[in-house]
Amino acid sequence: MRPEADPGFAAAFAPPLLDPARDAPTAVTGRNGKPAGRRYDVYRNNVTVSLIDALAAIYPAVQRITGTDFFRAMARFHVRNSPPTSPLLFDYGRDFPDFVANYTHAQDMPWLADVARIERAWLDAYHAADALRLSSALLSAIAPELLDDLVFTPHPATRIVRSHYAAVTIFAANRDSAPVARIDASTPEDALITRAEFDVEVRHLPPGGAVFATSLMSGEPLGAAAMAAFDASADFDIAANIAGLIEAGAFISFAFGDPA
Amino acid sequence: MITATKPATVPLRFSLPIGGVAGTSFKPEHLPAILGTGPQAGFFEVHAENYMGAGGAPHRALEAIRRDHALSLHGVCMSIGGPQPLDKTHLARFRGLVARYQPALISEHLAWSTHETSFFNDLLPLPYTEATLASVCDHIDEVQEAIRRPLLLENPSTYVTFRQSTMSETDFIRAITARTGCGLLLDINNVFVSATNHGYSALDYLADFPLAHVGEIHLAGHAEQTDDDGNLLLIDSHDGPVADAVWKLFEIIIARRGPVPTLIEWDSKIPEWPILRAEAAAAQAILDRCQTAEETEDRRAA
């Protein structure tokens, strides 16, 4: 007779891995039937440290800003509360920026969560599907009276992150090891993240640019997206914005939408 | 539309099996050095999960490597040893990589890493019983059905044992090969680590291991700690050179089994490419000595 699958061993082994208050499971032992003790701790350590390392790899600028000890303590809380639900670690930590925003000891760095959001978007862009960027020559061939009805397909890598703080400048200054000059964190900045070919690029969007790009990415026609951008910022420059988005590789194609 | 599961874009340029060659883990930071020195004689092994993104630089790097080298696809997260059903989405991604890159070797672990919805990112141990044997074999059948190829299953390194186990690890592994037809990836460092940790002889374990089914060997470095009683506890850390004792076991196994593809596994504190390549060259020298000895015997027999 076929033996029944036994879910018990994993159900007993798993919970203490991320909960240091729990004892090692009694189902496992060291030599000669002795309690597993530090031997089980090897697994706890592997799990916790490797997941903290995964967050550190996804959020290097956040770690540089906070310092390693601060970051690892913060990440340890998150790892224990929200372990990954996918075996793909580059998908891990999507709720980490929200965790950072609410983390008690990070309240004096209100821009930190937005820097994390840019880093998360950077990694999504890095792994996004390959696609050929839209050539600006194609767009310049369109008759001006037809432009308002154009709808655009975003490149799979394209992301927008909006911030009430200077998150783009802070991100850029902390992604490498060069010394960081004094930054006025209070200037709102919006990020455009693109990957036209293989290199991820993060740009600072001009006034109205985030509303414009977000509208286009959601399928709004060009005319309507420009109207929304003007509403958001009287300084909105449509020619500069559309040229900037196309130059960055934000889109892969356009089509004629239904006339409004 | 380009997706992760597009059909093979890299021609299969290597006859199977690849024979007694030494390879290394492929680390992206080594790519310029590898391409700069021209095609290597051996093969490269990658962790499948690192190439399960839709596109971008990782696939470009792997295509550049695959163009001139045989590839070993090493899965780390399938959770074959766990009691719950395999993650069908993950299995489909694994199958997609096999189709796209046509690896010469495909392997996974006798371990588990997911329980319910949590992924623990470690190779966790299982008890060896009739019940776990049945579920492991079901999972291997499912993987082999998906990839239409035999899988090489890797023996684990462990730090604890389960009270409920009713058979030895080697009996368990032998039964898996008999029931599923899978091959084995013999990780000699894991054997040495487990033997030290549990106080048995690595040579006895290897004498009982079904060597005829071994299609690949792993060699790696380990770290030293102690357990609660002060006993030496070896950690399978993959962060340094292969230990002398592991080299010795490798020589014994190659003399007994004959040459098989052999990987130098190095996953953290990764050295410069020439150091990793030199470790592979040391393994290749041992494989070549055995190949020469076999040819000499063949000539005498003729």
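The radius of gyration is taken over C-alpha atoms, and the globule rule that serves as its yardstick is 2.2 Å times the number of residues to the power 0.38. With that definition in hand, the tour of this predicted model may begin.

**Stop 1: chain A as a whole**

Select chain A. A compact globule of 260 residues would have a radius of gyration near 18 Å, whereas the value for chain A is 24 Å. Its C-alpha atoms fill a box of roughly 85 × 60 × 30 Å along the principal axes. Colour the chain by secondary structure, and eleven helices and six strands appear.

Next, select residues 1-109 and then residues 129-260 of chain A: these are domain 1 and domain 2. The C-alpha centres of the two domains of chain A lie 37 Å apart. Of the 260 residues in chain A, 40% count as buried. Among contacts in chain A between residues at least 6 apart in sequence, 67% join residues at least 24 apart.

**Stop 2: chain B as a whole**

Hide chain A for a moment and select chain B. Nine helices and 13 strands are found in chain B. The radius of gyration of chain B is 19 Å, close to the 19 Å that the globule rule gives for 302 residues, so chain B is as compact as a globular protein of that length. The box filled by the C-alpha atoms of chain B is roughly 55 × 50 × 45 Å, again along the principal axes.

Buried residues account for 50% of the 302 residues of chain B. Among contacts in chain B between residues at least 6 apart in sequence, 78% join residues at least 24 apart.

**Stop 3: three strands in chain B**

Select β10(B), residues 214-220. Is this strand enclosed or open? Seven of its seven residues are buried, so β10(B) is largely enclosed by the rest of the structure.

Now add the strands that pair with β10(B). β9(B), residues 183-187, runs parallel to β10(B), with four bridges between them. Strand β13(B), residues 262-265, also pairs with β10(B) in the parallel sense, over four bridges. Which residues should be displayed to see both pairings? B:His218 is the bridge partner of B:Asp187, and B:His218 also stands opposite B:Leu263 in β13(B).

Move along to B:Leu219 and show its surroundings. Leaving aside neighbours within four places in sequence, B:Leu219 is in contact with ten residues' worth of scenery to explore, including B:Ile188, B:Val242, B:Phe250, B:Leu263 and B:Ala283.

**Stop 4: a hairpin in chain B**

Select residues 223-226, which form β11(B), together with β12(B). Four bridges join these two strands, which run antiparallel. One of the pairs to display is B:Glu224 with its bridge partner B:Leu234. The two strands form a hairpin with five residues between them, and in the turn B:Gly230 has a positive phi of about 85°.

**Stop 5: a residue in helix α9(B)**

Select B:Arg289, which is placed in helix α9(B), residues 273-301. Why is this residue classed as partly exposed? B:Arg289 has 14 other C-beta atoms within 10 Å, and a residue is buried only if the count is 20 or more and exposed if it is 12 or fewer. Add B:Pro259 to the view: the two residues are 30 apart along the chain, and their C-alpha atoms are separated by 9.3 Å.

**Stop 6: where the chains meet**

Show both chains again. How many residues of chain B touch chain A? The contact involves 47 residues of chain B and 45 residues of chain A. Several elements of chain B each supply at least two residues to this side, among them α2 (57-68), α4 (130-147) and β12 (232-235). The most, six residues, comes from β6(B). By class, this side of chain B has 19 nonpolar, 20 polar and eight charged residues.

Strands also pair across the boundary. Select β1 of chain A, residues 28-29, with β8(B): the two run antiparallel and are joined by two bridges. Here A:Val28 stands opposite B:Phe162.

**Stop 7: the nonpolar core**

Finally, select the residues with the most contacts inside the largest nonpolar core: A:Val115, A:Ile118, A:Ala167, A:Ile193, B:Ile188 and B:Leu219. This core has 153 residues. Its largest share, nine residues, comes from helix α6 of chain A, residues 112-127. Domain 1 and domain 2 of chain A each contribute at least three residues to this core.

Key:
Residues numbered from 1 in each chain as written. Chains lettered and ligands numbered in written order. Predicted model: local features only at pLDDT ≥ 70, side-chain atom pairs only at ≥ 80, totals over all residues. Contact = placed C-beta atoms within 7 Å. Nonpolar A, V, L, I, M, F, W, Y, C, P; charged D, E, K, R; others polar. Pairing = 2+ DSSP bridges. Domains from an automatic or database assignment. Core = buried A, V, L, I, M, F, W, Y, C linked by C-beta atoms within 7 Å.
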